[in-house]
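Here are a few exercises to work through with the model open beside you. Try each one before reading its solution.

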Amino acid sequence: MKETIIKTSGLSKKFGTRYAVANVDLHIPRGEIYGFLGPNGAGKTTTIRMLLGLAKPTNGTIQIFGKDLKKEKLEVLKRVGSLVEYPSYYGHLTARENLEAIRILLDAPKTRIDEVLSIVRLTREAKRPVKGFSLGMKQRLGIAAALLGNPELLILDEPTNGLDPSGILEIRELIKSMPKEHGITILVSSHLLSEIDLMATQVGIISKGRMIFQDSIETLRRRSSSNIVIKTDEAEEAWKLLLSKGHNAELEQGRLQLSNISDHEISKVIAELVESRFPVYRVQEEKKSLEDIFLELTGGEGGL
Amino acid sequence: MLKILASDLIKMKRKIIWLLIFLGPFGVAALEAVNFGLRYEYLTKEYEKDLWGGLINEAGFLATPALMLGLTLIASMIASIEHQTNAWKQLLALPVSKLRIFTGKMLLASLLLLISSTLLLIFVLILGLVLKFGSDFPLLGLAKMAYYPYLASMTFIAVQIWLSISMKNQAIPLTVGILGTILSLISFRFPDWLPWKWPLLENSWGDPAYSALAGLAFGIVIYFLGAVDFTRKDVN
């Protein structure tokens with residue numbers, strides 16, 4: 001059993017009368033890339049703010065590294081690096097000065113600035129004022145700042161938001177390399193399933209403030225079971241035939257659908273249809289995409 | 001605490017705020033130079049017995065509104081550095097207590113205004129020497145002119161830091177500060193307990209030290225209230 005890095009129980013945050021986050025139980029083991037997924041406004045950022053001690057939970061507890069965040073906030077934050085929503089920076093300062101202002105507070109060695117600059121590949125831009133940076137560069141600077149204190153846990157809120165495809169790729173590769181090279185645990189939020197699918201090892205899906213799925217990405221993928229769809233004439237007659245023969249078929253939009261069916265059974269189904277003179281036009285496999293599962297889980301409201 | 005101040009000073013690099021620190025006292029001294037230049041005969045006759053005292057009196061009268069306006073702008077600028085890209089969330093997710101962050105901003109504002117006040121002392125001293133008021137200048141009197149209003153306005157430094165930090169829209173703290181400046185100018189007739197009167201160093205005991213002390217003490221109280229409020233609030 002791997003060590004648990006983040007564990008929340010019954011975490012809730014109320015704004016007025018509305019619960020932005022309700023009863024969220026996060027569980028993140030060491031060394032994982034945890035994809036925190038949900039439509040915009042589902043409560044991802046609010047949850048992350050609570051994890052960083054920026055907002056106080058209305059209810060529930062947060063344990064990071066096995067410590068109660070409320071009691072040992074500064075001890076916990078020493079080992080956490082974060083980037084919340086759009087990047088924060090001091091525009092009139094250079095990249096190096098920006099990092100220096102944070103380094104002093106962290107008591108990190110001066111050499112660490114060069115290290116993080118090279119990790120995010122900003123070494124050559126280090127002497128330029130940050131206000132002239134592109135969004136991607138600012139985002140990378142934000143990640144560099146998050147890495148300054150040699151964190152064991154990295155919390156990144158929508159790190160690829162607003163970036164162009166090459167910027168997204170760059171950040172994604174950077175994130176994927178962290179656990180391997182530095183043994184860091186990462187919590188990364190996104191409203192894009194495809195993003196999470198490409199980098200996460202664990203997934204938590206939140207919708208309307210509630211956690212609706214939390215497990216490994218494989219488990220989520222396994223739910224994308226395949227359907228066999230058969231196209232034939234007189235589908236209703238054919239369907240009745242299959243039911244009478246004891247097959248678990250469904251009739252949908254004039255097509256026959258069989259889910260979770262073995263190869264052996266499907267050959268029997270086709271033989272029976274042909275014997276009864278139903279013309280079989282097409283037998284095809286339809287895989288449910290992760291998007292379908294996501295929409296199913298979130299009850300169809302979008303944000304993808 | 002020194003780390004926080006060092007970090008804050010890095011953030012002040014290449015900011016117009018440094019110009020303001022210099023320009024405030026320089027402006028007061030320059031206006032006095034014009035004042036004495038134009039009315040030299042009249043003023044030297046008026047203050048015949050104590051030329052230095054006269055200069056200190058005139059300069060002190062101008063220094064008060066300059067200080068009140070200056071502290072408003074400085075508090076707002078210090079807070080704006082963090083407001084601009086909402087750096088609060090980055091800053092406060094660092095392993096530094098919110099109390100220390102707030103205290104750092106308060107210290108920074110106090111330190112910058114202390115520099116301004118010291119510059120005022122130096123500029124007025126130079127002006128007096130240029131006007132040939134004699135080399136036996138009253139250093140204590142000059143120091144009182146520079147530092148008593150500074151201490152008396154500590155209340156307003158605390159108020160402006162609190163307001164500027166707690167709201168992103170700087171129009172409100174700036175309005176409060178400017179109205180306060182005007183109020184302090186006409187507060188001669190107001191009762192002694194009114195904080196806006198303190199920077200003028202006017203009180204019924206006739207000792208400016210009381211005004212300075214009241215401003216400092218009340219300033220500490222307000223700083224404390226502001227710090228408690230800041231640590232309790234969620235970060236936006």
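**Exercise 1.** Find which element gives the largest share of the lining of the largest cavity.

*Solution.* Start with the ground rules: this is a predicted model, where local features need pLDDT of at least 70, side-chain atom pairs count only at pLDDT 80 or more, and totals for chains, interfaces and linings use all residues. Residues are numbered from 1 along each chain as its sequence is written, chains are lettered from A and ligands numbered from 1 in the order in which they are written, and side-chain values use heavy atoms, with hydrogens and water left out.

Next, the term: on a 1 Å grid over the protein atoms alone, a cavity is a set of points where a 1.4 Å probe fits but cannot get out, and lining residues have an atom within 4 Å of a point. The largest cavity has a volume (the space filled by probe spheres set on the points) of about 140 Å³. It has 16 lining residues, and the closest to its centre are A:Val80, A:Gly81, A:Ser82, A:Ala145 and B:Leu94. Strand 7 of chain A gives the largest share, three residues. (Strands are DSSP runs of E, at least two residues; helices are runs of H or I, at least four; both are numbered from the N terminus.)

**Exercise 2.** Work out which residues line the second largest cavity.

*Solution.* This cavity comes to about 60 Å³. Its lining is A:Ser82, A:Leu83, A:Val84, A:Ser88, B:Lys89 and B:Gln90. Strand 7 of chain A and helix 5 (88-92) of chain B each supply at least two of them.

**Exercise 3.** Decide whether the ring pair B:Phe102 and B:Tyr223 is stacked or edge-to-face.

*Solution.* Rings of Phe, Tyr and Trp (its six-membered ring) pair if their centres lie within 6.5 Å; planes under 30 degrees apart count as stacked, over 60 as edge-to-face and the rest as tilted. Here the centres are 6.1 Å apart and the planes at 25°, so the pair is stacked. B:Phe102 sits in helix 6 and B:Tyr223 in helix 10 of chain B, 121 residues apart.

Now try B:Phe156 and B:Trp196: with centres 5.7 Å apart and planes at 45°, that pair is tilted.

**Exercise 4.** Sort B:Phe156 and B:Trp196 into buried, partly exposed or exposed.

*Solution.* Buried means under 20% relative accessible area, exposed over 50%, partly exposed in between (1.4 Å probe, protein chains only). B:Phe156 has 8%, so it's buried. B:Trp196 has 28%, so it's partly exposed.

Methods: 1 Å grid on protein atoms, 1.4 Å probe; cavity = no way out; pocket = protein on both sides within 12 Å on 5 of 7 lines; lining within 4 Å.
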